[in-house]
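Visitor: I would like to learn how to read charged side chains in a protein model. Could you take me through it step by step?

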Amino acid sequence: MTMAAYSAALEVVANLYDSFLTILLCTLFFGSRFEGWRRNACFAAGAAAFAGVMAWLNSYSVFEGIGGIFYSLVIVLYAWAALEGGIFQKLFFSLFWNCVLMLSGFGVVLFLSLSGLCPPEEAVRYGSPYRALCLVCCMALRAVLAWAILYFSHHRRLGPDTGGRREHLVWILLLLGFFLLGAALFGVVFKTISGGQNVQFLPILYCGLLALLA
C-alpha cells in the first residue's frame, strides 16, 4: 500500500472514529431513552449520519469552516430522537463539542507545525504522511477530552438537567458566536498554511480563542 493510499484509509478511519466518539459521548452524558436493539439501532444511525456529514464536508474542503455547524445539527437530531434531556441542553452540548472538535484539530496542527514535526502546508494536504500523523494525534487528544468532559460532569454533578432554560439559551448564543468567529478565523489561517506562509502569529490567535472560550 502506498503512503497516499494509507493516508486516505486513515482519513476514513479518523472520520469513523470521531463519529463513534461523538455519539458515544452524547449517549453517556444524556442517557438513552431506549433499551436493547432500539438503543443500538439509534446509536448506529447517529454514528452513520455523523460520519456521512463528515465525508460530505471533507469532500469540499480540508477545513469544514462554518459548514461544520452541520455536526451540531446531527448531534441535536440524534439526541432529540434517542436521548434524555431538554432541547436547550442538547443544543448547548452540541455546540460545545463542536468547538472542542474545531479547537483540538487546529491545536494539533499548530503544535506539530511549531515543533518542527510537521510542515504546516503538509498538514492540510491529502495523502501526506504528516497529515496522517495529525489525524492520529487528533484521535488521541479527542478521546482524552471526551473522558475529561464525562469525568468533570460526574465529579461536579453536572448533567443534562443542570441550569435553566434562559441560562442555556444565553450560552447557546455565546457558543454559536464563538464557533462562527473561530470558523472564520481558522478559514483564513488554513489558507495561509496552504500557501506556505509564515505561521508564527498563530499561537497568539489560538491562545486568544482559548481565553475567549474560558
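Guide: This is a predicted model, and a useful starting idea is that a residue is called buried under 20% relative accessible area, exposed over 50%, and partly exposed in between. Take Glu-121, which is found in helix 5 (residues 120-123): its relative accessible area is 35%, so Glu-121 is partly exposed.

Visitor: How many salt bridges are there?

Guide: A salt bridge is counted when a side-chain nitrogen of Lys or Arg is within 4 Å of a carboxyl oxygen of Asp or Glu, and by this rule there are three salt bridges. In one of them, Glu-11 pairs with Arg-131, with the closest N and O atoms 2.6 Å apart. That pair links distant parts of the chain, since Glu-11 belongs to helix 1 (residues 3-30) and Arg-131 to helix 6 (residues 129-155), 120 residues apart. Both Glu-11 and Arg-131 are buried.

Visitor: What does the salt bridge between Asp-18 and Arg-142 tie together?

Guide: The closest N and O atoms of Asp-18 and Arg-142 are 2.8 Å apart. Asp-18 lies in helix 1 and Arg-142 in helix 6, so this pair ties together parts that are 124 residues apart in sequence. Asp-18 has a relative accessible area of 6% and is therefore buried, and Arg-142 is also buried, at 10%.

Visitor: Are Arg-39 and Glu-35, which form a salt bridge, buried, partly exposed or exposed?

Guide: Their closest N and O atoms are 3.4 Å apart. Arg-39 has a relative accessibility of 34%, so Arg-39 counts as partly exposed, whereas Glu-35, with a relative accessible area of 56%, is exposed.

Methods:
Residues are numbered from 1 along each chain as its sequence is written. This is a predicted model: local features need pLDDT of at least 70, side-chain atom pairs count only at pLDDT 80 or more; totals for chains, interfaces and linings use all residues. Side-chain values use heavy atoms; hydrogens and water are left out. Helices (H or I, at least four residues) and strands (E, at least two) are DSSP runs, numbered from the N terminus. Buried means under 20% relative accessible area, exposed over 50%, partly exposed in between (1.4 Å probe, protein chains only).
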